[in-house]
Amino acid sequence: MAHALRLAERGLYTTAPNPRVGCVVARGDEIVGSGWHRRAGEAHAEVFALREAGDRAYGATAYVTLEPCAHQGRTPPCADALIAAGVARAVIAIDDPFAEVAGRGIARLRDAGITVDIGLLREPAHELNRGFFSRIQRRRPWLRVKLAMSLDGRTALANGQSQWITGEAARADVHLWRARSSAILTGSGTALADDPRLTVRLPETTPLQAPLRVLLDSDLQVPMTSHLFDGGAPTLVYHDATPAQLSEPASAGRSSVEYQRIYRTDDGRLSLSGLLQDLAAREINELHVEAGPTLCGALIAANLVDELLLYIAPCLLGDSARPLLVLPELQTISDRSSWRTLEQRQFGPDMRLLLRPNS
């Protein structure tokens, strides 16, 4: 199963909106077939493993990182493929919460007389597909906020200059996190100040899908000359503009840009929960956020952040520099936001922390 999980990781950048899945077919200690889901719309992991195993799959054990599908989608049911191959046993890391599977694949295997065991390496299997599970079970993407700061918790000089706080190695790591995401979100403030591209720039040999670029721009202040509208990747703009305000950018007729109106909350801001619900409906599994202190602070204050990717550069910018986050004032220390560190890594002179909320 550990080998099957390593295989599943090979689809880290290419399977969305599908989950990342690996499969190993073994006879005793001998692996006779292996495979992984490589790209949405193509054959699933079980199919590749069974093709490699051939006749040796009969009477063997199939180790699968996610419950085999039992419905006809863009590909035939994998449960049927395992049954047809004559496997004697299926070991499944975790059941699939997707409504058209959700136990049906397991039931179909058992009805065919196949022994089914569930739960081997369940936690790492869930971790690999945390975005998929979040979208299906919580109806919102897994939300990751990326931030970079100095030792004194500052992100830019008072005049807005921020390129570059961190070094080249840290910035290259950010592109890997972008690549595994279904979408990258920023706000109008960052778009106006930095004019980011929000694209993935990795070696051409790295297979990937271009993440959707998402812009939160209430009154459509970001000009059409922005890099976000350059066609380098599709862009979705959330707004609450009037038809008159929308007419000019809409008339530009760029096929790679879509406008979606969402409502404002009582504080006058666009609904963040509404945005996440809409992105889930668009099959966005992992949402990567690269924005300013106001939007990132609002997401954290609303308890919508699942993961914090924090890069720390060994430098000092001074107390006049811009802060990491804008958060509501606390009345007591017990009200503080508490996080736990999952991972700590060094990238050149910079440190990267991977954190998740304690609650």
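A cavity here is a set of points, on a 1 Å grid over the protein atoms alone, where a 1.4 Å probe fits but cannot get out; a pocket is an open set with protein on both sides within 12 Å along at least five of seven lines, and lining residues have an atom within 4 Å of a point. Grid points are joined across faces, edges and corners, and a volume is the space filled by probe spheres set on the points.

The model is predicted: local features need pLDDT of at least 70, side-chain atom pairs count only at pLDDT 80 or more, and totals for chains, interfaces and linings use all residues. Residues are numbered from 1 along each chain as its sequence is written, and side-chain values use heavy atoms, without hydrogens and water.

**Exercise 1.** Find how many cavities of 30 Å³ or more there are, and describe the lining of the largest cavity.

*Solution.*
- Start with the count: there is one cavity of 30 Å³ or more.
- Next, its volume: the largest cavity holds about 40 Å³ of space.
- Then list its lining: Asn18, Pro19, Arg20, Asn129, Gly131, Phe132, Asn285 and Glu286.
- Finally, sort by class: two are nonpolar, four polar and two charged (Ala, Val, Leu, Ile, Met, Phe, Trp, Tyr, Cys and Pro count as nonpolar, Asp, Glu, Lys and Arg as charged, and the others, Gly among them, as polar).

**Exercise 2.** Characterise the largest pocket by its volume and its lining.

*Solution.*
- The volume of the largest pocket is about 1,300 Å³.
- Its lining has 46 residues, with Thr190, Asp194, Glu290, Ala291 and Gly292 nearest the centre.
- At least two lining residues come from each of β6 (142–149), β7 (154–156), α7 (168–179), α8 (188–194) and α11 (293–301); helices (H or I, at least four residues) and strands (E, at least two) are DSSP runs, numbered from the N terminus.
- By class, the lining splits into 19 nonpolar, 15 polar and 12 charged residues.

**Exercise 3.** Locate the cis peptide bond that precedes proline 17 and the positive phi of alanine 102.

*Solution.*
- Recall the background: most residues other than glycine have a negative phi, and most peptide bonds are trans.
- Check omega: the bond from alanine 16 to proline 17 is cis, with omega near 5°.
- Place proline 17: this residue sits in the loop between α1 (2–8) and β1 (22–27).
- Check phi: alanine 102 has a positive value of about 35°, although it is not a glycine.
- Place alanine 102: the loop between β4 (89–92) and α4 contains this residue.
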